[in-house]
Amino acid sequence: MTSKTRAPGSYIKKLIKRGLQKTAARFGRHTRHAKKPELLLLMYHRILPADDPRSQLEEPGMMVTPETFHMHMTLVKSMFETTHLSRWLEKKDKGETLPDRCCAITFDDGWADNYEFAFPVLQQLDIPATIFLVSDMVGRQQPFWPERLAKTLAVIASQHAAQWSHASLDWLKTCAGSYTFNRSVPTSEQLSEIITGVKSLSDDEINQRLDEIEQQLDLNMTVDKASLLNWQQLKTMSDTGLIEAGSHTCHHIRLTEEKPAAVLQDEIINSKIVIENKTGAAVKTFCFPNGDYSDAALSLVKQHYSGSVTTRRGWNTLTSDHYLLQRIGVHEDISNDRTSFLSCISGWL
Ligand SMILES: [Zn+2]
């Protein structure tokens with residue numbers, strides 16, 4: 001059989017084999033004496049059980065279950081030296097010896113489920129982690145706009161189906177992608193599509209338009225369970241020394257070119273001050289919302305933090321820029337068994 005006539009299945013098998021070999025190469029005995037110390041930064045958002053109602057309003061790319069998270073952490077603990085990101089940067093700055101392979105866990109946004117489901121696992125396995133907080137959102141019931149959007153669509157589908165043609169929803173329909181309203185909520189894939197489409201608007205604009213829909217359609221947006229961490233939960237975690245807080249701005253706005261200097265000052269500097277005052281611990285690291293940053297934002301972060309992370313995918317080495325650190329985002333669909341998690345962190349998935 002020539003390569004042209006080979007069945008697609010065998011090509012896929014070959015790809016999988018190649019991926020697993022790559023994984024083995026990175027984690028096998030061949031790399032025991034790596035030339036450069038490396039840092040793997042894992043990026044998580046939410047840790048939610050599959051039957052938790054909060055998971056119904058979330059994009060699949062944002063979650064792993066507590067069971068999957070436990071499996072990840074057990075593997076991480078067996079393969080890496082775990083560290084706080086800030087500690088790795090400090091050692092690197094001082095020229096101290098770093099282990100060949102370190103892993104630092106990060107969580108973005110400050111979700112309440114991090115306290116409920118991730119913190120017990122981290123405590124059990126004694127793994128440090130950094131939670132990047134949106135200072136103005138801590139303790140609020142109001143979720144971020146993607147979750148508001150998901151909730152809005154769910155409430156309309158279940159209680160206000162007749163109002164789907166209301167003018168306040170016109171802008172949303174242009175971003176709806178393959179979702180055609182038929183009294184059902186969008187699938188998780190359709191939801192991701194809608195969220196991507198909506199991102200062409202600014203965060204303020206999206207929130208204003210969602211306000212308008214809620215008011216005009218008189219939607220009941222009550223949430224049963226808190227979405228976001230409160231200060232007490234943070235203080236409890238921070239006091240153990242295991243969890244460090246980083247800043248993810250005050251309002252989770254994307255720090256793009258058009259943002260005025262006063263806004264950058266507020267989002268980058270004030271967020272740090274607020275978190276430090278509430279937790280009593282230094283905030284040393286920063287996370288750019290959506291991975292976006294302007295030159296001015298980057299320059300301000302450099303003046304006030306010892307490092308910052310992006311959403312760029314990859315590992316870090318001694319030569320990596322402290323302020324453009326790369327991470328590997330992990331979510332349930334691509335990492336719910338040992339092999340897929342290893343493939344994921346090796347960069348193959
Ligand atoms: Zn975020």
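Here are legends for six close-up views of this predicted model.

**View 1. The whole chain, to get your bearings.**
Before zooming in, take in the overall make-up: the chain has 13 helices and 11 strands. Of its 349 residues, 53% count as buried. Look at contacts between residues at least 6 apart in sequence, and you'll find that 70% of them join residues at least 24 apart.

**View 2. The zinc ion and its protein donors.**
Three side chains reach the zinc ion here: Asp109 through OD, plus His248 and His252, each through NE2. These donors sit 2.1 to 2.2 Å from the zinc ion. Read along the chain, their spacing is D-x138-H-x3-H. Asp109 belongs to strand β5 (residues 101–109), while His252 is in the loop between β7 (243–247) and α10 (261–279), so this pair ties together parts that are 143 residues apart in sequence. Asp109 is also buried, as its relative accessible area is 7%, which falls under the 20% cut-off.

**View 3. Two residues with positive phi, His252 and Asp218.**
Start with a bit of background: most residues other than glycine have a negative phi. His252, one of the zinc donors from the previous view, has a positive phi of about 60° although it isn't a glycine. Its place is in the loop between β7 and α10. Asp218 is another non-glycine residue with a positive phi, near 50° in this case. You'll find Asp218 in the loop between α8 (203–217) and α9 (231–239). With a relative accessibility of 63%, Asp218 counts as exposed, because the cut-off for that label is over 50%.

**View 4. Helix α2 against helix α13.**
As a reminder, two packed helices are described by the angle between their axes and the distance between the axes. For α2 (residues 66–79) and α13 (residues 338–345), the axes come within 11 Å and cross at roughly 60°. The two helices are therefore oblique to each other, and their crossing is right-handed. On the α2 side, the residues to pick out are Met71, His72, Leu75, Val76 and Met79; they meet Arg338, Phe341, Leu342 and Ile345 of α13. Sorted by class, this contact has 7 nonpolar, 1 polar and 1 charged residues.

**View 5. Helix α5 against helix α7.**
Now for a second helix pair: α5 (145–159) and α7 (residues 188–198) pack at an angle of about 125°, with their axes 11 Å apart. That angle makes α5 oblique to α7. The crossing of α5 and α7 is right-handed. From α5, the contact is made by Trp145, Pro146, Leu149, Ala150 and Leu153, and from α7 by Leu191, Ile194, Ile195 and Val198. What classes of residue make up the contact of α5 with α7? It has 9 nonpolar residues, with no polar and no charged ones.

**View 6. Gly139 and its contacts from elsewhere in the chain.**
Gly139 lies in the loop between β6 (129–133) and α5. At 44% relative accessibility, Gly139 counts as partly exposed. Which residues does Gly139 contact, leaving aside its neighbours within four places in sequence? They are Leu229 and Asn230. Leu234 is worth marking too: the C-alpha atoms of Gly139 and Leu234 are separated by 9.9 Å, although the two residues are 95 residues apart along the chain.

Note on methods: Residues numbered from 1 in each chain as written. Predicted model: local features only at pLDDT ≥ 70, side-chain atom pairs only at ≥ 80, totals over all residues. Heavy atoms only, no water. Donors = N, O, S within 2.8 Å, 3.2 Å for Na, K, Ca; no water. Helix = DSSP H or I, 4+ residues; strand = E, 2+ residues; numbered from the N terminus. Buried < 20%, exposed > 50% of the residue type's maximum accessible area, 1.4 Å probe, protein only. Axes fitted to C-alpha atoms, helices over the stretch in contact; angles between N-to-C directions. Parallel < 35°, antiparallel > 145°, perpendicular 65-115°, else oblique. Left-handed = near helix turned anticlockwise from the far one by under 90°. Contact = heavy atoms within 4.5 Å. Nonpolar A, V, L, I, M, F, W, Y, C, P; charged D, E, K, R; others polar.
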